[in-house]
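This report looks at the fold of one chain and at a sheet in another. Please read it alongside the coordinates.

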Amino acid sequence: MEAKEIYEKLLSKFDDGILEFKEDKTIDPYIKIKAEILPDLCFELRDNEDFLFDYLINLTGMDYGKDLGVVYHLYSMKYKHRIVLKVDLNRENPVIPSVEMIWKTANWHEREAYDMFGIIFEGHPFLVRILTPYDWEGYPLRKDYVTPEYYHGIRVPY
Amino acid sequence: MGLLNRLDQPYQGGGIFLGTLEDILNWGRSKSDWYLQFGLACCAIEFMALNASHFDFMRFGTIPRTSPRQADFIIVSGTVTLKMADRLKTLYEQMAEPRYVLSMGSCANSGGPYWEYGYHVLKGVDRIIPVDVYVPGCPPRPEAFFEGMIKLQKLINTQAIFRKRENMTKEELEALDLRNKKQQEYTERLLKEIELYRKNPENLQYSKYSIDLSKVYNKG
């Protein structure tokens, strides 16, 4: 199924939650949605017989400068079609529902996005830092992150 | 040192030879170094090639150890992250003296490619433990590593056990002083940390190795 068809089918069901659809030759076609409808939409994408997106290729956090965001790359093993979901988040309160109960892959990916960008995934069973130490302060991949001078008495800058 | 050269050659006479105890001890120490393997990144891949039959690192008399208690020196091969820095320090403290450190590759020497924007990388292991030999390269060729290993053996050979300073050249004295100074600095820093810990155990400057899971589960 082409991305445009997927978008049109979704539009009939989630009319008010879908913000934007962009199809371009240079990038993967993506659908931009609101954070509130994310779990319902993901269940629909996974369980509907027409879509069957059973594989979450990648989940990553983003910092666009003004907003934060999360990007989901989905793939269907049966139909071999793919789609990208994008969600924009408020920088002051970046909270988004977790999709861990839909795709188990999301568990570690969401922990990484939390670790690097400080995005809170509501409903995640074990949302703690995965790469940096547990007592690390700040979120390193945010654009306004400042490297600490000292960590445990060790000077960090060169 | 004259005896050392003779010991390396096949001894034809049999039976007896004369030498200072120091020379024999140092000869034995430098020719049977056991190292603690501490492979962290791509340098560890080069290190595997080094240990394989083509380059045959074991002809130096080295045996890899996985316990710091049995090791004479530690080879830090790869990028040391700040998370790993505390563990490295713990391992170094668990080694028996005399202990040596061989820093392998640009990352361990100075932070390597992460020297400017690596928020999580330790910019050189000499910030936490005293280093004896630096091997440059990214990663170093096995030949470069062997030169570092020969340097380390020479260092061990020049280490005096009795009447240390009398028979040393000026250069050797400088090297020994530098090493002693590094060790002294390290010990002082360690004592300071212990003092701090005794005053207030919560001030312990080590990362938490584990977390209280009940707190995490109750939160969400």
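Two strands count as paired if DSSP finds at least two bridges between them. In this predicted model, the bridge partner of Tyr35(B) in E3(B) is Phe73(B), and the strands concerned, E1 (residues 34-39) and E3 (residues 73-77) of chain B, pair in the parallel sense over five bridges.

These two strands belong to an open sheet of five strands in chain B, which has the order E2-E1-E3-E4-E5 and parallel pairing. Its edges are formed by strand E2 (63-65) and strand E5 (133-135) of chain B, each of which pairs on one side only. On average, and with direction ignored, neighbouring strands of this sheet are turned by 30° against each other. Helix H4 (residues 82-94) of chain B lies across E1, E3 and strand E4 (100-104) of that chain, and runs at about 170° to E1(B).

Chain A has three helices and nine strands, which follow one another from the N terminus as α-β-β-α-β-β-β-β-α-β-β-β. Of the contacts in chain A between residues at least 6 apart in sequence, 47% join residues at least 24 apart. Some overall values for chain A are listed below.

| Property of chain A | Value |
|---|---|
| Span of the C-alpha trace along the principal axes | about 55 × 30 × 25 Å |
| Buried share of the 158 residues | 50% |
| Exposed area | about 8300 Å² |
| Share of the exposed area from carbon and sulfur atoms | 50% |

As for confidence, the mean pLDDT of chain A is 91, and 100% of its residues reach 70 or more. Among the elements of chain A, the lowest mean pLDDT (86) belongs to strand E9 (residues 154-155) and the highest (95) to strand E4 (residues 68-75).

Definitions and conventions
Residues numbered from 1 in each chain as written. Chains lettered and ligands numbered in written order. Predicted model: local features only at pLDDT ≥ 70, side-chain atom pairs only at ≥ 80, totals over all residues. Heavy atoms only, no water. pLDDT = per-residue confidence, 0-100. Helix = DSSP H or I, 4+ residues; strand = E, 2+ residues; numbered from the N terminus. Axes fitted to C-alpha atoms, helices over the stretch in contact; angles between N-to-C directions. Contact = heavy atoms within 4.5 Å. Buried < 20%, exposed > 50% of the residue type's maximum accessible area, 1.4 Å probe, protein only. Areas by Shrake-Rupley, 256 points an atom, 1.4 Å probe, with all protein chains shown as cover.
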